[in-house]
Amino acid sequence: MAERIIELRDISKSYGQVYALGGVNLSVDRGEVVGLIGDNGAGKSTLIKILSGVVKPTSGEILVRGKPVTGWSPARSREAGIETVFQDRALAVQQTIVRNIFMGRELTGWLGWLKVNKEIQEASRLMREIGFTSKVFTPHSIVGQLSGGERQGVAIARAIYKKAELIVLDEPTTALSLTETAKVFHFVRQVRASGRSILFIGHNIHHVFDIADRFVVLDRGKVALTAGRSEVKSAEDLINFMEDVAHPGGLPGLHEANDAGRAAR
Amino acid sequence: MSKTMEPDLQSPLGGTQNEAAGQEWRHPSDNWLRGFILDNRAALGTLAVFIVMMAVFMIANPTVFTTWYLYSSVLTTLPVALFVVVPLVFVVTCGEIDLSFPATMGFASWVFALVVQAGYDPFLGIAAAIATGTLLGFLVGSLVVYGGLSSLIATLGMNFLLRGLIQIINEGKSTALTSLADSWAYKIFSSQLYGIPVQIFWAIAFVVLSALLYNRHRFGAQVRVVGDNPDSAQQMGIDVKRVRVKVFVFVGIGAAIAGTFSVMINFTWWPTAGDGYLLPVLASVFVGGTPTWGGIGTVVGGAIGAVTVSFIQTGVVAAGLSGFYVQFFNGLIIILSLLGHKWNQARYR
C-alpha cells in the first residue's frame, strides 16, 4: 500500500452553535488524486482550511505520514509538503508572477537579499512544468494583467514549488469560462503527471469525475460516500447518489419544499 | 448542462502549447530601456513633474535660480525630510499610515540633546537617539497592529501624546548644544564638502539602501505583498503582524536620524523639533507616486517628491512671488501630481 501522506481523523468544527463538520475522516495516499465533492455548505471549504492550517478544528486529529501533529498552522502545513490553492486564489494582483510564486518563501542569500535571477529561473521552470507558457507573459508580468485561468496557473505553479507532495485545489474552476477551465485542467494534468498527490475539491461533478482516482462525497458536515474509481461507473452515478443523499426518498417537489419551509418558520 | 457543453479537457491547449514549449521567457520587450521605463514609470513621472516645475521657476527668475546659495539651502534641509519620507513609503505600501513621526523626531532628538548636553560623545547621542526611535516605532506599531487600531487615528493620537510629554517635561524650553561644532560627529554628518552640505550624501546613501531594501530584499517583498493582499500573505505563511510592526519601527529609526540631523544643523534642540515636517513629508510620499491603497510604491519617486516639495517653498519666493503663494503652489503641485499618477498607473484588482 502506498504511503499515507495525510490523514484527518474524526475532525469536527463548530462555529458557536453551528456545526460545519461533524466527525470527518479523510486521507490521501502518495500519488493519489482524491476528488472531494459536496453541495454548497457541505463543509468542503472548512475541511480544506483545517487541512491547510488556516482554521483550527474544534476536535479531531491530524496525522502526517502516520504521525500525529501538534500546533498545526499554515507554515507547518507547508513544511509537511501540503500546498493549498485557495478558492480565492490568494494572489497579490499588483505584484509580478515571480513575487507571487515566492510569496512567503523568498529565495534569499546574504542578509536576506533576494536572489533575483535564481527566482526568475525557478519561476520559469515551474511555469514550464505545468505547461503555462506564453509569448505575452513573463515572470515579470503583473498578475492583475492575467485572465482568471492564467491566475489559477500562477497559483498552481506556486503550489508545486519544491517538495510539495500534496496539492490541494479548492474549486479551481469556479467562476471561469469554459476555455479558462480547460486551461486549468491542463495545468492540473501536468501536476498529476509529475506524480504528486492531488486533493481536488469541486461542485462540478463532471470535472471531478474526469480527474480523480477516488471520490469522497461530503454532505452537511459528514462523509456520505467514499468510493474508488472502479466502483463508480459514470459521473451520472455520482450525481444520482448525491441527490439521494440530499433528498432521501426522491427529490421533493418545489411546492412541498416551500410548504415545509413555511411550516418551519 | 449537456455533456457537449463541457470543455475538451483532454487536449485543451492544442497546438499552441507545442509552439510555446521550450521557449525561454523574455521581458515584454528585449529592449532594456523600455523595460526600465515600464518598471519605474511612477518615479519617472515624478521626475518629469520636478523638471517642468524647475523649468518654470528658472524662466520666471533666471538670476536667482543660477546662484548656488539657493541649492545649498535646499540641500541642507532636504536630507531631514528624506530620512522620514523613505520609511513612510514602506508604511503606505504596507497599507498603513504613520502620523506620529514628527513627535518621534522630537523625542529621539531630545534624547540626543540630553546625552550631548551631559558631556558624552555625540556618537553615543546618535546611538541613543536611534535606540529611542526604534523603541517608539515598536511602541506605535504594536499599538496599531496588536491593539487592532486604525493607524490613521492611533498614530495621530501618539503624535499628540509624545509631543505633549516633551512639552510638559521641558516646559517649552530649548537646549543649545554649542559644543557640537567641534565634534567629529558634526564634521562627518553635518559639515560641508566642497561647498556641498555633507548630510545630502548620507541622505542619498539612505535612499539608495532603502530602494534596494524595497525592491531587492525579503523585507520589501513582504511589505509589498502584505499591503497588496494581507489574507493571501497570511495563508502563505508570512507573519503579517510582524511585517506591519517592522515598518513602524523603520519609520521610528528614520525619524530618529532625521531629528538628530535637524539638531546638528541648528546646534539647538527645540521642543517643537520635527513638527513642521508632518504635511510636507506626507505630501512628498504621494507626490512621489506611491498610491494610497497599498501594495505598490516607489522609494526613489518619494525621494524626488521630497525634492519637489522642498523646492516649491524656496522656488516660489525666489521667483519673486510673495510668501502667500507658497501654499497655493504646494496644493497645485500635489493635485497635478495625483492626476498625473492616476493616468500613469493602472490599478489592478
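# Exercises on sheets and helices in a predicted model

In chain A, strand β4 (residues 59-64) is joined to β5(A) by two bridges, and the two strands run antiparallel. The model is a predicted one, and the exercises below start from this pair.

**Exercise 1.** Place the pair β4(A) and β5(A) in its sheet, and state which strands form the edges.

*Solution.* Begin with the register: Val64(A) has Lys67(A) as its bridge partner in β5(A). Next, widen the view to the whole sheet, which is open, consists of four strands of chain A in the order β2-β1-β4-β5, and is paired in the antiparallel sense. The edges are then β2 (18-29) and β5 (67-68) of chain A, each of which pairs on one side only. Finally, add the helix: α1 (residues 44-51) of chain A packs on this sheet, where it touches β1 (4-15) and β2 of chain A, and its direction makes about 60° with that of β2(A).

**Exercise 2.** Describe the six-stranded open sheet of chain A, giving its strand order, its edges and its average twist.

*Solution.* The order of the strands is β6-β7-β8-β3-β9-β10 (chain A), and the pairing in this open sheet is mixed. As edge strands, β6 (82-85) and β10 (222-228) of chain A each pair on one side only, and from one strand to the next the twist averages 15°. Following the sheet inwards from β6(A), one finds four bridges that pair it with β7(A) in the parallel sense, with Thr84(A) standing opposite Val168(A) in β7(A). As for helix packing, α6(A) lies on the sheet and touches β3, β7 and β8 of chain A, its direction making about 150° with that of β8(A).

**Exercise 3.** Explain why strand β8 (residues 197-202) of chain A is described as largely enclosed by the rest of the structure.

*Solution.* The first step is the burial count, for which a residue is taken as buried if 20 or more other C-beta atoms lie within 10 Å of its own. Six of the six residues of β8(A) are buried, and the strand is therefore largely enclosed by the rest of the structure. The second step considers the faces separately. In a regular strand, side chains alternate between the two faces of the sheet. For β8(A), Ser197(A), Leu199(A) and Ile201(A) are buried on one side, while Ile198(A), Phe200(A) and Gly202(A) are buried on the other, so that both faces are covered. The third step turns to the neighbouring strands: β3 (residues 33-38) of chain A runs parallel to β8(A) and is joined to it by five bridges, Ile37(A) having Gly202(A) as its partner. Strand β7 (residues 166-170) of chain A is likewise parallel to β8(A), with five bridges between them, and Asp170(A) stands opposite Ile201(A). The last step is the connection, since β7(A), helix α6 (residues 178-193) of chain A and β8(A) make a right-handed β-α-β unit.

**Exercise 4.** Characterise the packing of α3(B) with α16(B) by its geometry and by the residues that meet.

*Solution.* Helices α3 (residues 41-60) and α16 (residues 325-344) of chain B pack at an angle of about 145°, their axes lying 10 Å apart, and the crossing is right-handed. From α3(B), the contact draws on residues including Arg41(B), Val49(B) and Met53(B), and from α16(B) on residues including Ile333(B), Leu336(B) and His341(B). By class, the residues of this contact divide into five nonpolar, six polar and one charged.

Definitions and conventions. Residues numbered from 1 in each chain as written. Chains lettered and ligands numbered in written order. Predicted model: local features only at pLDDT ≥ 70, side-chain atom pairs only at ≥ 80, totals over all residues. Axes fitted to C-alpha atoms, helices over the stretch in contact; angles between N-to-C directions. Left-handed = near helix turned anticlockwise from the far one by under 90°. Contact = placed C-beta atoms within 7 Å. Nonpolar A, V, L, I, M, F, W, Y, C, P; charged D, E, K, R; others polar. Buried ≥ 20, exposed ≤ 12 C-beta atoms within 10 Å, placed from the backbone. Pairing = 2+ DSSP bridges. Right-handed = clockwise from strand over helix to strand, strands pointing away.
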